[in-house]
Amino acid sequence: MTPSLLLPARSSTNPESFAEYRARGGYDGLQRARTQGAAWLRGEVATSLLRGRGGASFPTARKWELAANATADQKFVVANGGEHEPGSDKDRHLVQRHPHAVIEGLALAGLATGASQGYLYLIEDMHGPRASAEQALREANDAGLLPFPIAIHLGPTTYVAGEETAALNAIEGKPAKPRKKPPFPGEAGLFGKPTTVNNTETLAHVAWIARNSGASFAAIGTAESKGTLLFTLPSGGDGVLRPGVYELPFGATYRQLLEGLGGGLQPGRTLRAILPALSCGFLPAQHLDVPIAYETLRPLGTSPGCGGIKLVTDATDTVAMTLGIAEFFMKEQCGQCPPCRMETNQFVHILKGVQNAKGPGYDDKLVKLAEFSRKKGFCSLIEMAAAPVTSALRVFAADFAKAAGPAALAND
Ligand SMILES: Cc1cc2nc3c(=O)[nH]c(=O)nc-3n(C[C@H](O)[C@H](O)[C@H](O)COP(=O)(O)O)c2cc1C
Ligand code: SF4
């Protein structure tokens, strides 16, 4: 059985106290990295094959190289806890319950890249996580463990404020909207200086790697997907009996997660599919025993994403669910890029047409819109909005055809 790397069962306090974190080797990795140096730490993270847990699964060591190799009089590091995806609770949970792991990881990422100032970026409604983080920062500071100052910054409660360059704008006091890239934050980020932005879960993994070695981390998981991953299981009618945040190693299955940890569906419900995260493709229930990994889910048209799972049962109206997701992205897009405004608005318009039995032709229009819009935004929300919609058309084709009705009814 793989140990819990991020959510240790023996942590009895909430938040985990400084003493308890130290007792399980907390901050040992940071002290070691201060002795061994930045190159050693970057090497351990490269060996670990850690990928970012903010959704895009970018290799952490490669991201770090950009800022580490940049020449500048000042560099920054940011822990991104700007989680505002419906159904995802893992960053709040981690920062609230295990703030020291995130702070240690943030300090390590800063050491690895040569930063002299760090930020823990949360959003305004995260009262519990903020209180935990403030206390943990005081404790780590009083113990003389922090290699540079770390401040907490609260961004606005919007989805797009979690995008890394939107977060940088928010920290600079500007509207939290994504920047055009390049330049990437590792080249010119906060106040134009090289900046490393990592998700809070990624950073908690970095703390584990510095303590236990990159090779130990790489020994957990599958060929291309290493370590463990946090998941959020939903509550309510289309939820599981034991909702909450769980940790499993890559290579485990969604069946183990939903049935073993989550206790299964509400009585009488049958699972048709899962949506591994809001901006992913749907995974039909026949694949519940496929090992969870980037390389196994990719051919099935989806990915683990940030692990905020939605369930599709026999009671789910799949057209209404897809429309709800499209409406979320339409509301949350920031309006800077005309193709994104157009795509997200049109998705909603066409899906409402399906719901109102306007007849066939919707699938071609939706797929063409998604193809036309690809890579035309400042950020990847434009692709994120398309993923569940185009996937729903394939996985729930019969539901859509039934809702849209016959051609004779077409009048739009
Ligand atoms: C619309 C949008 C929202 C995002 N929200 C978050 C978020 O809440 N938290 C997060 O860590 N990354 C979020 N990201 C991804 C970040 O831009 C960035 O890739 C991530 O923080 C990098 O960390 P990682 O390499 O450790 O995954 C979002 C991206 C987009 C396009
Ligand atoms: S792609 Fe959409 S959300 Fe991203 S910056 Fe452009 S308008 Fe905003």
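These legends walk through several close-up views of the predicted model shown above. Residues are numbered from 1 along each chain as its sequence is written, while chains are lettered from A and ligands numbered from 1 in the order in which they are written. Because this is a predicted model, local features need pLDDT of at least 70 and side-chain atom pairs count only at pLDDT 80 or more, whereas totals for chains, interfaces and linings use all residues.

**View 1. The three domains of the protein chain, and where two of them touch.** The chain is assigned domain 1 (18–218), domain 2 (228–313) and domain 3 (318–409); these bounds come from an automatic or database domain assignment. The centres of domain 2 and domain 3, taken over C-alpha atoms, are 23 Å apart. Their contact takes 10 residues from domain 2 and nine residues from domain 3, where contact means that the C-beta atoms of two residues, placed from the backbone, lie within 7 Å. On the domain 2 side there are seven nonpolar, three polar and no charged residues. For these classes, Ala, Val, Leu, Ile, Met, Phe, Trp, Tyr, Cys and Pro count as nonpolar, Asp, Glu, Lys and Arg as charged, and the others, Gly among them, as polar.

**View 2. The surroundings of ligand 1.** Here 23 residues lie around the ligand, and G52, G54, G162, N199 and T202 come nearest. A residue is near a molecule or strand if its C-beta atom, placed from the backbone, lies within 6 Å of it. By class, the shell around ligand 1 holds seven nonpolar, 11 polar and five charged residues. Look for residues from two parts of the chain: domain 1 and domain 3 each supply at least three. Strand β4 (residues 195–199) gives the most to this shell, with three residues. Helices (H or I, at least four residues) and strands (E, at least two) are DSSP runs, numbered from the N terminus.

**View 3. The surroundings of ligand 2.** The shell around this ligand has 13 residues, with C334, C337, C340, G377 and C379 the closest. Nine of the shell residues are nonpolar and four are polar, with no charged ones.

**View 4. Strand β5 and its partner β6.** All the residues of β5 (residues 228–233) are buried, six of six. Buried means that 20 or more other C-beta atoms lie within 10 Å of a residue's own; 12 or fewer make it exposed, and anything in between partly exposed, with C-beta atoms placed from the backbone. T228, L230 and T232 point one way from the strand, and L229, F231 and L233 the other way. Strand β6 (residues 244–249) runs antiparallel to β5 and is joined to it by six bridges. To find your place in the pair, start at F231, whose bridge partner in β6 is Y246.

**View 5. An open sheet of three strands.** The strand order is β8-β7-β9, with antiparallel pairing; two strands pair if DSSP finds at least two bridges between them. At the edges are β8 (283–284) and β9 (310–313), each of which pairs on one side only. Two bridges link β7 (residues 271–275) to β8, and A273 stands opposite P284 in β8.

**View 6. Helix α17 and its buried side.** In α17 (residues 397–404), the buried residues are D399, F400, A403 and A404. They sit on the same side of the helix because they cover an arc of only 125 degrees around its axis, the arc being that of the directions from the helix axis to the C-beta atoms. Among the elements covering them are α13 (318–332), α14 (338–355), α15 (362–373) and α16 (381–395). The face turned away carries the exposed A397, A398 and K402. A403 counts as buried because it has 20 C-beta neighbours inside 10 Å. Leaving aside residues up to four places away in sequence, A403 touches V319, V354, Q355 and A357. Just after the helix, G405 takes a positive phi of about 80 degrees.

**View 7. Helix α4 and what covers it.** T60, A61, K63, W64, A67 and A68 are the buried residues of α4 (residues 60–69). Their arc around the axis is only 155 degrees, so they lie on the same side of α4. The cover over these residues includes α3 (38–48), α6 (99–113), β4 and α9 (200–212).
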